[in-house]
Amino acid sequence: MKTMIWEDGILKILDQTKLPEKIEYIEAKDVETVAGAIRRLSVRGAPAIGAAAAYGMVLGANSINENDREKFLAELNSIGNKLASTRPTAVNLRWAVDRVLNKVKNRDDLNVEEIKALLLEEAHKIFCEDLEANRKMGEYGQSLIPENARIITHCNAGALATAGFGTALGVIRAAHRANKNIEVFADETRPLLQGARLTAWEMMQEKIPVTLITDNMAGYLMAVGKADLVIVGADRIAANGDVANKIGTYGLAVLAKAHGLPFYVAAPTSTLDLSLSSGSQIPIEERDETEVTTIGGTSVAPTGVKVWNPAFDVTPHELVTAIITERGVVKPPYTENLRKIMEKDTETSEVCRGQNPSR
Ligand code: MRU
């Protein structure tokens, strides 16, 4: 199932709010539709948001009626700021917007039409490189997964949250493909049920054994000895290794520590934000209260009750056993080792040149 498809100048976005009941694509012909889809979580998961935003920039650029290079770039910049503000926590969004802007910033040799073509090329590259990164993370990560492992995961860090294959679920996929006889426990992930609706569905599609639990069952599952490790994705990782991820991740990490279980985070380096020294600087998105007071449109709380709805939390690095990236597995001390991995030379991918990878 493709998270998004670029076809004939249109971005088709799989509407994840409708899953698993319906498979429907939103046809985004302008950047506003992309921004709305990101805000509503029709497309969600840090890397998928980044790729969608890159294509959104292409749609935004195509709508600018301006032949003057400088004026065109100024408009594009402001489109980028609007897109990046749709969801503040996942750094991949700002990262992708900045990457396409930087690609065309100093290209005085190009006219506006050529800049538009270059933007599309870069968006395709972002999509393609994410897919490649996930496959690499799968390989590095699966070496950490023992035979017969019973794995808890939270939210959805799967193919649906990325350009394909997934981060945390990519590691799980790779372990399954290596015949490790694994079993997955998917936290349902209130309030929006990404675990129940998306992770359980993704695992079942691929016939990976999966058991759905509500979020408050994970501790007992560990206590009765039915879990061996936890693996989750990330929306932003600070320089010291603190990890922002879906609300509930922190609690899971504390539980894993209490039960002596490894707690792994799988994320591409586009999710690292080394400009922030610690997780306390990560902006945490707060969402509408109706997400808490309703389930599937049905009210489950008294009208007018006060609600707090942070979409993410921060897991302190002391609770993280290792961070799996496409450049390798990073272990503590994170400040030193994350910096080192970013300095590592990476080969530029031949695979990601000159094609539309989303088709
Ligand atoms: O609010 P969401 O569904 O976008 O939250 C997604 C998560 O928290 C994921 O775990 C994270 O983005 C990593 S996805 C590979």
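A polar contact is a pair of N or O atoms within 3.5 Å. Keep that cut-off at hand for the exercises below. The model is predicted.

**Exercise 1. The ligand and its contacts**

Task: Find which residues come nearest to the ligand, then test Asp235, Asn245 and Ala46 for polar contacts with the ligand.

Solution:
- Step 1. Start with the surroundings. There are 18 residues around the ligand, and Arg44, Ala46, Arg87, Asn245 and Lys246 come nearest.
- Step 2. Take Asp235. An N or O atom in the Asp235 side chain is 2.9 Å from an oxygen atom of the ligand. A polar contact needs a pair of N or O atoms within 3.5 Å, and the Asp235 pair at 2.9 Å meets this.
- Step 3. Take Asn245. Its side chain has an N or O atom 2.6 Å from a ligand oxygen atom.
- Step 4. Take Ala46. Here the backbone supplies the N or O atom, and the distance to an oxygen atom of the ligand is 2.9 Å.
- Step 5. Check the cover. Taken alone, the ligand exposes 420 Å², and the protein buries 100% of that.
- Step 6. Place the ligand. The ligand sits in the largest cavity. Two elements give two or more residues to the shell around the ligand: α2 (46–62) and β9 (243–246).

**Exercise 2. One face of a helix**

Task: Which residues of helix α9 are buried, and how do they fall around the axis of α9?

Solution:
- Step 1. List the residues. Helix α9 covers residues 249–258, and its buried residues are Thr249, Leu252, Ala253 and Ala256.
- Step 2. Look down the axis. The buried residues of α9 fall within an arc of 100°, so they line one face of the helix.
- Step 3. Recall the general rule. An α-helix has 3.6 residues a turn, so residues three or four places apart point the same way.
- Step 4. Move past the helix end. Gly260, just after α9, takes a positive phi of about 70°.

**Exercise 3. Unusual backbone angles**

Task: Which peptide bonds leading into Pro20 and Pro333 are cis or trans, and what is the phi of Asn148 and of Asn181?

Solution:
- Step 1. Set the background. Most residues other than glycine have a negative phi, and most peptide bonds are trans.
- Step 2. Check Pro20. The bond from Leu19 to Pro20 is cis, with omega near 0°. Pro20 lies in the loop between β2 (10–14) and β3 (25–28).
- Step 3. Check Pro333. The bond from Pro332 to Pro333 is cis, with omega near 0°. The loop between β16 (328–330) and α11 (334–343) holds Pro333.
- Step 4. Read Asn148. Its phi is positive, about 65°, although Asn148 is not a glycine. Asn148 lies in the loop between α5 and β4. With a relative accessible area of 45%, Asn148 is partly exposed.
- Step 5. Read Asn181. Its phi is near 60°, again positive in a residue other than glycine. Asn181 is found in the loop between α6 (168–177) and β5 (183–187). Asn181 is exposed, at a relative accessible area of 55%.

**Exercise 4. Thr153**

Task: Is Thr153 buried or exposed, and which backbone oxygen lies 2.8 Å from a polar atom of its side chain?

Solution:
- Step 1. Locate Thr153. Its place is in strand β4 (residues 150–153).
- Step 2. Apply the cut-off. Buried means under 20% relative accessible area. Thr153 has 0%, so Thr153 is buried.
- Step 3. Find the partner. The backbone oxygen of Ile231 lies 2.8 Å from a polar atom of the Thr153 side chain.

Technical notes. Residues numbered from 1 in each chain as written. Predicted model: local features only at pLDDT ≥ 70, side-chain atom pairs only at ≥ 80, totals over all residues. Heavy atoms only, no water. Buried < 20%, exposed > 50% of the residue type's maximum accessible area, 1.4 Å probe, protein only. Helix = DSSP H or I, 4+ residues; strand = E, 2+ residues; numbered from the N terminus. Arc of directions from axis to C-beta. Near = heavy atom within 4 Å. Polar contact = N/O pair within 3.5 Å; in protein donor to acceptor, adjacent residues only side chain to side chain. Areas by Shrake-Rupley, 256 points an atom, 1.4 Å probe, with all protein chains shown as cover. 1 Å grid on protein atoms, 1.4 Å probe; cavity = no way out; pocket = protein on both sides within 12 Å on 5 of 7 lines; lining within 4 Å. Sits in = over half its atoms within 2 Å of the grid points.
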